[in-house]
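Let's explore a protein model together, one question at a time. Keep the picture in view and try each question yourself before reading on.

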Amino acid sequence: TGLVFFFLMTLTLGVAIPSGVFMPTFLIGSSLGGAAGLVFQDWISDELSPSIFALLGAAALLSGVQRTTVSICVILVEGTGAVKTLIPVIVTVVVARF
């Protein structure tokens, strides 16, 4: 579904109507990150949570598209309430930014 959302987002960015970038980017990143989390859960360990990978995927794609590092970290950590994921979110955002 992430690739379908990506295609639809690129389609809407090219038309002359106002449309947002934040939510489509968030959906694409979280669905691709969740898919990667499911693959890692099957291959590596059953203890891995795909939801953490979905959060990190959304953080990476938002950081790569919008180029706002601190605000993305604050929005994602405050929105989820998962303070224990702060360090992985920061590392993901910094790596995706550059």
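Q: Of the contacts in the protein chain with a separation of 6 or more, what share comes from residues 24 or more positions apart?
A: This is a predicted model, and here we look at contacts, meaning heavy atoms within 4.5 Å. Take the contacts with a separation of 6 or more and pick out those between residues 24 or more positions apart. Their share in the protein chain is 56%.

Q: How many helices and how many strands does the protein chain have?
A: Try walking along the chain from the N terminus: the elements run α-α-α-α-α. Each α stands for a helix, and the count for the protein chain is five helices and zero strands.

Q: What is the radius of gyration of the protein chain, and why does the chain count as compact?
A: For 98 residues, the globule rule gives 13 Å. The value for this chain is close to that, so the chain is as compact as a globular protein of that length. Along the principal axes, its C-alpha atoms fill a box of roughly 45 × 30 × 25 Å. The radius of gyration is 14 Å.

Q: What percentage of the 98 residues in the protein chain is buried?
A: A residue counts as buried when its relative accessible area is under 20%. For the surface as a whole, the accessible area comes to about 6200 Å², and 74% of it belongs to carbon and sulfur atoms. The buried part of the 98 residues is 29%.

Q: Which helix gives the largest share of the largest nonpolar core?
A: This core has nine residues: L55, L56, A59, L62, I72, C73, L76, V89 and V93. Two or more of them come from each of α3 (50-66), α4 (69-80) and α5 (86-97). In soluble globular proteins, nonpolar side chains tend to be buried together. With four residues, the largest share here comes from α3.

Q: Leaving aside neighbours within four places in sequence, which residues is I72 in contact with?
A: I72 is itself a member of the largest nonpolar core. Among the other members are A59, L62 and V93, and I72 is in contact with each of them. Add S63 and you have the whole set: A59, L62, S63 and V93.

Q: Is F26 buried or partly exposed?
A: First find F26 in helix α2. Leaving out residues up to four places away in sequence, F26 touches A58, L62 and L76; L62 and L76 belong to the largest nonpolar core. The C-alpha atoms of F26 and A54 are 9.6 Å apart, although 28 residues separate them in sequence. Because its relative accessible area is 26%, F26 is partly exposed.

Q: Which helix gives the largest share of the nonpolar patch?
A: The patch covers about 820 Å² of the surface and is made by V4, F5, F7, L8, L11, F22, M23, L27 and I75. Two helices, α1 (2-14) and α2 (22-43), each give two or more residues. The largest share, five residues, comes from α1.

Q: What is the relative accessible area of I75?
A: I75 is one of the residues of the nonpolar patch, and its place is in helix α4. I75 counts as partly exposed because its relative accessible area is 46%.

Q: How far apart are the C-alpha atoms of L8 and T69?
A: L8 lies in helix α1 and belongs to the nonpolar patch. At 40% relative accessibility, L8 counts as partly exposed. T69 is 61 residues away from L8 along the chain, and their C-alpha atoms are separated by 25 Å.

Q: Is G2 buried or exposed?
A: G2 lies in helix α1. Beyond residues up to four places away in sequence, G2 touches I28, S31 and L32. Because its relative accessibility is 4%, and the limit is under 20%, G2 counts as buried.

Q: Which residues does A60 touch, not counting those up to four places away in sequence?
A: A60 is found in helix α3. At 25% relative accessibility, A60 counts as partly exposed. The C-alpha atoms of A60 and L13 are 20 Å apart. The residues that A60 touches are T92 and A96.

Note on methods
Residues are numbered from 1 along each chain as its sequence is written. This is a predicted model: local features need pLDDT of at least 70, side-chain atom pairs count only at pLDDT 80 or more; totals for chains, interfaces and linings use all residues. Side-chain values use heavy atoms; hydrogens and water are left out. A nonpolar core is a set of buried Ala, Val, Leu, Ile, Met, Phe, Trp, Tyr and Cys residues joined through side-chain atoms within 4.5 Å. Buried means under 20% relative accessible area, exposed over 50%, partly exposed in between (1.4 Å probe, protein chains only). Patches are made of residues with over 30% relative accessible area and no salt bridge: like charges are joined within 9 Å, nonpolar side chains (Val, Leu, Ile, Met, Phe, Trp, Tyr) within 5 Å. Accessible areas come from the Shrake-Rupley method with a 1.4 Å probe; for residues, only the protein chains shown count as cover. A salt bridge is a side-chain nitrogen of Lys or Arg within 4 Å of a carboxyl oxygen of Asp or Glu. The radius of gyration is taken over C-alpha atoms; the globule rule is 2.2 Å times the number of residues to the power 0.38.
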